[in-house]
Amino acid sequence: QLDAAERGACLHAAANALQANAAELAALNARETGRPEDQALEGVLAGASTLRQYAELGPVHRGHSLRGGHLAADYTVAEPRGVAALLTPWNDPVAVAAGLIGAALATGNTVLHKPSERCPQLGIRLGAILAAVLPQDVFITLTGGPAVGEALTGLSGIDVYAHVGSSATGARIAQAAAAKGAHVVRENGGNDPLLIDEGVDPAWAAEQAAIGAFANSGQICTSVERIYVHRAVSGAFCEALADQARQRNTGRLLGPLVDDRLRQEVHRQVGEALAGGAVAAEGGFLPEGPGSYYPATVLLGCTESMAIMQEETFGPVAPVRVVDSFEEGLALAAAGRYGLAATVLTPDMEHAHRAVAALDVGTVKINAVFGGAPGGSAQPRRDSGHGFGYGPELLDEFVQVKVVHISLPGGVVR
């Protein structure tokens with residue numbers, strides 16, 4: 001029931017609290033997920049920045065005036081959907097959660113937040129920090145594993161679900177929500193391609209590929225998952241990419257994967273690719289000893305029949321296929337069941353525009369694997385999800401629109 005400006009003030013207070021406790025949250029993230037603490041701190045601070053963004057966007061979120069009769073007024077009012085259930089992941093747990101929490105609260109919803117069971121202490125502490133500066137009971141944290149998520153999807157009274165995680169889980173949430181008429185926003189798995197055209201600097205392209213495939217040990221929704229490189233630059237590119245991976249492995253620059261269960265799945269896909277004829281130019285082995293570290297891996301000679309080219313890997317693996325033309329690479333990049341993002345490295349603007357038209361994904365990145373405007377929004381497609389997951393448009397996902405028509409009363413004597 002707070003005014004939009006008052007809700008904005010609450011979110012500013014939440015951002016301040018998050019920033020004040022950033023070091024503690026980053027340490028918990030590092031301890032529970034293995035993410036290097038400096039990177040974890042960047043994620044917490046990004047979460048605080050996102051809360052500030054929605055604190056400012058919420059009060060200026062507005063409807064539309066509609067042209068009706070000369071002596072009538074028509075306009076729309078955005079109203080909160082009600083109760084929002086937010087299910088968030090472990091790979092960037094504070095930043096992702098802050099975006100959904102900020103948008104939901106800015107538009108007047110109350111929130112049930114279920115953080116990932118892979119970082120429960122972080123989720124509990126994040127919830128306590130935020131709840132301390134928000135009105136009582138508008139933000140509640142629920143911890144636990146899949147059973148808690150299933151209970152949430154079966155609960156009556158939930159008006160909107162927002163989920164960031166696997167496609168399989170997202171599909172189950174969407175099915176359960178549809179039966180109850182609840183709105184669903186989901187950003188799910190991806191198998192993002194990187195297409196490298198002829199004429200690019202192969203060393204620069206290798207740097208871009210390495211950043212895309214190895215950042216956060218490959219545990220990013222929009223990581224580079226499969227690479228198509230033009231034959232004209234393939235030799236120098238593959239050599240440079242293997243060197244990029246080798247530098248990361250020699251310097252032990254990558255953090256571990258979140259747990260051994262994920263490491264075993266990553267290595268299963270790598271092992272199947274090697275058995276199917278791929279060659280490891282670097283990495284590709286299961287390290288000895290305890291822990292869940294997996295080396296930066298470059299696989300050459302990959303084919304579309306391999307799972308590593310078809311499914312999300314979520315590890316530091318760069319599978320490469322050489323193509324004979326831009327057209328061949330674009331057709332392969334556009335194939336598959338996912339539709340999250342894609343990257344094209346090209347000096348040819350015609351090729352860039354053709355890629356934008358052909359790639360059925362929410363985000364197309366030209367000549368940079370990461371980056372973009374801070375308010376940029378995207379709609380994942382197909383098995384990668386549905387709805388805006390961030391940016392100003394996320395506010396629209398948490399409201400329903402009412403149209404108001406006002407006319408002069410009939411029979412009025414003047």
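Reader: How many bridges join β3 to β4, and do the two strands run parallel or antiparallel?

Author: This is a predicted model. In it, Ala 84 of β3 has Val 111 as its bridge partner in β4. The two strands run parallel, and the number of bridges that join them is 5.

Reader: Which residue of β6 is the bridge partner of Leu 86?

Author: Strand β3 is joined to β6 as well as to β4. The β3 and β6 strands run parallel, with 4 bridges between them. In β6, the partner of Leu 86 is Ala 162.

Reader: Is β3 largely enclosed or not, and how many of its residues are buried?

Author: In the sheet order β5-β4-β3-β6-β7-β17, β3 stands between β4 and β6. Strand β3 is largely enclosed by the rest of the structure, because its buried residues number 4 of the 5.

Reader: Which strands stand at the edges of the sheet of 6 strands?

Author: The sheet is open and its pairing is mixed, in the order β5-β4-β3-β6-β7-β17. An edge strand here has a single partner, so one of its sides is left without a neighbour in the sheet. The strands in that position are β5 (139–141) and β17 (385–386).

Reader: Which residue of β5 stands opposite His 113?

Author: Strand β4 covers residues 110–114, and 3 bridges join it to β5. These two strands run parallel. Opposite His 113, in β5, stands Thr 141.

Reader: What is the angle at which α4 runs to β4?

Author: Helix α4 makes a right-handed β-α-β unit together with β3 and β4. The helix lies across β3 (83–87), β4, β5 and β6 (160–164). Its angle to β4 is about 165 degrees.

Reader: Within what arc do the buried residues of α3 fall?

Author: Helix α3 spans residues 37–57 and reaches 30 Å from its first C-alpha to its last, close to the 30 Å expected. Its buried residues include Ala 40, Val 44, Leu 51 and Tyr 54. Seen down the helix axis, the buried residues line one face, because they fall within an arc of 155 degrees.

Reader: Which exposed residues does α3 carry on the face turned away from its buried side?

Author: The buried side of α3 is covered by elements including α1 (4–20), α2 (22–33), α4 (93–106), α5 (120–131) and α14 (394–397). The face turned away from that side carries the exposed residues Asp 38, Glu 42 and Glu 56.

Reader: Which residue of β18 stands opposite Tyr 75?

Author: Another open sheet has 3 strands in the order β1-β2-β18, with antiparallel pairing. Its edge strands, β1 (65–66) and β18 (399–407), each pair on one side only. Strand β2 (residues 72–80) pairs with β18 over 9 bridges. Opposite Tyr 75 stands Val 404.

Reader: Is Ser 217 buried or exposed?

Author: Ser 217 lies in the loop between α8 (202–214) and β9 (226–230). Its phi is positive, about 55 degrees, although the residue is not a glycine. Its relative accessible area is 4% and buried means under 20%, so Ser 217 is buried.

Reader: What is the relative accessible area of Arg 382?

Author: Arg 382 belongs to strand β16 (residues 381–382). The residue has a positive phi of about 50 degrees, although it is not a glycine. Arg 382 is partly exposed, with a relative accessible area of 32%.

Terms used:
Residues numbered from 1 in each chain as written. Predicted model: local features only at pLDDT ≥ 70, side-chain atom pairs only at ≥ 80, totals over all residues. Heavy atoms only, no water. Expected span 1.5 Å × (residues − 1). Buried < 20%, exposed > 50% of the residue type's maximum accessible area, 1.4 Å probe, protein only. Arc of directions from axis to C-beta. Contact = heavy atoms within 4.5 Å. Pairing = 2+ DSSP bridges. Axes fitted to C-alpha atoms, helices over the stretch in contact; angles between N-to-C directions. Right-handed = clockwise from strand over helix to strand, strands pointing away.
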